[in-house]
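Subject: Structure for you to look at

Hello,

Here is the structure I promised to pass on. Please open it beside this email and follow along.

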Amino acid sequence: MSVRASWAGRIALFLGLLTMSSSFWVETTEPGRGATLGLGALASIFALWSLVARDPTKDHWALSVVGLAMLVSPWVGRFAGDGAAWIAWVSGASIMILGAIAYLSDEADNVTEEVERWERESYAPTGHA
């Protein structure tokens, strides 16, 4: 796991916990409270999994998807005029961007490892003279 990926997981965990806790201290409706609580919890879970996983590529992809869901949740849940909407928009966009950057970094690392492995296998001496 690269340093960028671990920082992305830590920041996403912080944002997920902040979003989840905002349902208790922000003036909002029931749909806003449920969306911020649920999607914040999902973001926190995927962030934790990305921190403990050996290959967190899929977890970073899931963080991007949860961030997108959080970003559109105020419009879908019809709480765009509430205080929780701004938290969902900012946290959702941030988590989505962090997850995408970490995912692309992981994919680049995976491609590099595959190319190095292929080169070692292709150019290794075969023992035939």
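Start at R78, in the loop between α3 and α4. Before going further, note that this is a predicted model. R78 is exposed, because its relative accessible area is 75% and the cut-off for exposed is over 50%. Its phi is near 60 degrees. That is a positive value, in a residue other than glycine. Most residues other than glycine have a negative phi.

Now the overall plan. The protein has four helices and zero strands. Read along the sequence, the pattern is α-α-α-α. There are 129 residues, and 40% of them count as buried. The accessible surface comes to about 7,800 Å². Carbon and sulfur atoms own 68% of that surface. Take the contacts between residues at least 6 apart in sequence: 68% of these join residues at least 24 apart.

Next, the inside. Which residues have the most contacts within the largest nonpolar core? They are A43, F46, A47, L63, V66, M70 and I95, in a core of 16 residues. Four elements give two or more residues each to this core: α1 (3-25), α2 (30-52), α3 and α4 (83-123). There is also a second, separate core of seven residues. Among its members are V26, F79, I87 and W89. In soluble globular proteins, nonpolar side chains tend to be buried together.

I95 is a good place to zoom in. Leaving out residues up to four places away in sequence, I95 touches A12, L15, G16, A43, L63, G67 and M70.

Then find T19, in helix α1. Is T19 buried or exposed? T19 is buried, because its relative accessibility is 0% and the cut-off for buried is under 20%. Setting aside neighbours within four places in sequence, T19 is in contact with T36, G40, M70, I87 and S91. Now look from T19 to L39. These two are 20 residues apart in sequence. In space, their C-alpha atoms are 7.9 Å apart.

L39 comes up again with S73. S73 is found in helix α3, which covers residues 57-76. S73 has a relative accessible area of 9%, so this residue is buried. Apart from residues up to four places away in sequence, S73 touches A35, L39, R78, F79 and A88. That list brings you back to R78, where we began.

Now the rings. How many aromatic pairs does the structure hold? It holds four. One of them is F46 with W49. Their ring centres are 5.4 Å apart and their planes stand at 80 degrees, so this pair is edge-to-face. F46 and W49 both lie in helix α2. They are three residues apart, about one turn of the helix. F46 is buried, at a relative accessible area of 18%. W49 is partly exposed, at 47%.

W86 and W89 make another pair. Here the centres are 5.1 Å apart and the planes are at 90 degrees, so this pair is edge-to-face too. Why are W86 and W89 separated by about one helical turn? Because they are three residues apart in helix α4. W86 is exposed, with a relative accessible area of 58%. W89 is buried, with 16%. Ring pairs also link W75, W86 and W89 into a cluster.

Last, the outside. Five residues make a nonpolar surface patch of about 570 Å²: F14, L18, F24, W25 and L37. Which helix gives the most to the nonpolar patch? That is α1, with four residues. F24 sits in helix α1. At a relative accessible area of 65%, F24 is exposed.

To check your own reading, try three stops. First, find T19 in helix α1, which counts as buried at 0%. Then find F24 in α1, which is exposed. Finish at W86 and W89, where the planes are at 90 degrees.

Best wishes

Definitions and conventions: Residues are numbered from 1 along each chain as its sequence is written. This is a predicted model: local features need pLDDT of at least 70, side-chain atom pairs count only at pLDDT 80 or more; totals for chains, interfaces and linings use all residues. Side-chain values use heavy atoms; hydrogens and water are left out. Buried means under 20% relative accessible area, exposed over 50%, partly exposed in between (1.4 Å probe, protein chains only). Contact means heavy atoms within 4.5 Å. A nonpolar core is a set of buried Ala, Val, Leu, Ile, Met, Phe, Trp, Tyr and Cys residues joined through side-chain atoms within 4.5 Å. Accessible areas come from the Shrake-Rupley method with a 1.4 Å probe; for residues, only the protein chains shown count as cover. Patches are made of residues with over 30% relative accessible area and no salt bridge: like charges are joined within 9 Å, nonpolar side chains (Val, Leu, Ile, Met, Phe, Trp, Tyr) within 5 Å. A salt bridge is a side-chain nitrogen of Lys or Arg within 4 Å of a carboxyl oxygen of Asp or Glu. Rings of Phe, Tyr and Trp (its six-membered ring) pair if their centres lie within 6.5 Å; planes under 30 degrees apart count as stacked, over 60 as edge-to-face and the rest as tilted.
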